[in-house]
Structures are given as structure tokens and as C-alpha cells.
Amino acid sequence: MTSPKPAKFLVDIERRIIFLRLSGVVTEEELFATARAANNDERAKGGFDRLIDLTETTELKISSEGVRRLAEVAREFNVGRRALVATSPVTFGIARMWEQNLLLPPDESRVFDNLGDAMEF
């Protein structure tokens, strides 16, 4: 029996947003692979927003250097706003580190502790 994928994404063309959901234990390599797959998806060219749901993530195995490099990769792609949702204190802290490394104004990227506020963003 295979375990479920810890990361997946859905492209909503009508609303021009990519929903990414990470669950369980997620490694640095899986984060990079998911980011690249979502950013290279042909359906989502031209500034789609991102909503990254970390609420089902039990552990993020990423170094501070990995967070910095992931932010660099994120800056390379033409995307709209980015909203991250994290409910555990550790995951929320890692998401905030990523947000700070993006070097974007608050109206372009924000971390939330609930999905409702992220959807409104």
C-alpha cells in the first residue's frame, strides 16, 4: 500500500488561482517539486494567485536555507498574490520566514491562521 502524496495542487482557471495543499510530513524536496510543478503548469500562466494550505501538515522538514531558496524560486515566477494558511505554531513560523524572504509588500503575500481569512485576501 502506498502512502498519500503530502503535496498536491489544483488550478482554478475561472478564479485565476492555484490551490496548494500540503499534508503530513513534508520534506524540503517535496516543497520544491510541488512549487515547480504548480508554477510550470501550462493552465496557470500569467499571474495566477496562490493559496497554500498547510493546515494538514504535521511537520515541515526544511532548513532556514531551504526557506530562503524556496522564496527565491517563488520570486522567479509571474504570480499574483500569495496567501499561506498555517495553524500550528511551528508551521506558522516557517511560513512567516518564507513570507519575509519573499521581500514583497503585505498586499502581495500574507500568512493566515485560518482558511476563511486567506480566501478573503
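On the face of helix H2 that is turned away from its buried side, we find the exposed residues Ser-64 and Glu-76, and I should say at once that this is a predicted model. H2 itself runs over residues 64-76, and its 13 residues reach 19 Å from the first C-alpha to the last, close to the 18 Å expected at 1.5 Å a residue.

Which residues of H2 are buried? They are Gly-66, Val-67, Leu-70, Ala-71, Val-73 and Ala-74, and because they cover an arc of only 160 degrees around the axis, they sit on the same side of H2. As general background, an α-helix has 3.6 residues a turn, so residues three or four places apart point the same way. The cover over these buried residues includes helix H1 (28-39), strand S4 (82-85) and helix H3 (89-102).

Let me take the two helix partners in turn, beginning with H3. H2 and H3 pack with their axes 8 Å apart and at an angle of about 50 degrees, and the two helices are therefore oblique to each other, in a crossing that is right-handed. On the H2 side, the residues that meet H3 are Ser-64, Val-67, Arg-68, Leu-70, Ala-71, Ala-74 and Arg-75, and on the H3 side they are Ile-94, Met-97, Trp-98, Asn-101 and Leu-102.

With H1, the angle is about 5 degrees and the axes lie 11 Å apart, which makes H1 roughly parallel to H2. Here Glu-28, Leu-31, Phe-32, Ala-35 and Arg-36 of H1 make the contact with Gly-66, Arg-69, Leu-70 and Val-73 of H2.

Moving on along the chain, Phe-77 lies in the loop between H2 and S4. Is Phe-77 buried, partly exposed or exposed? Its relative accessible area is 22%, so Phe-77 counts as partly exposed, given that buried means under 20%. Not counting residues up to four places away in sequence, Phe-77 touches Asn-39, Asn-40 and Arg-82. Phe-77 and Gly-24, by comparison, are 53 residues apart in sequence, and their C-alpha atoms are 26 Å apart in space.

Finally, I turn to Ser-109, which belongs to strand S5, residues 109-112. Ser-109 has a relative accessibility of 1% and therefore counts as buried. If we leave aside its neighbours within four places in sequence, the residues in contact with Ser-109 are Arg-82, Trp-98, Glu-99, Leu-102, Leu-104 and Phe-121. Two of these residues have come up already, since Trp-98 and Leu-102 are also among the H3 residues that meet H2.

How values were computed
Residues numbered from 1 in each chain as written. Predicted model: local features only at pLDDT ≥ 70, side-chain atom pairs only at ≥ 80, totals over all residues. Heavy atoms only, no water. Helix = DSSP H or I, 4+ residues; strand = E, 2+ residues; numbered from the N terminus. Expected span 1.5 Å × (residues − 1). Buried < 20%, exposed > 50% of the residue type's maximum accessible area, 1.4 Å probe, protein only. Arc of directions from axis to C-beta. Contact = heavy atoms within 4.5 Å. Axes fitted to C-alpha atoms, helices over the stretch in contact; angles between N-to-C directions. Parallel < 35°, antiparallel > 145°, perpendicular 65-115°, else oblique. Left-handed = near helix turned anticlockwise from the far one by under 90°.
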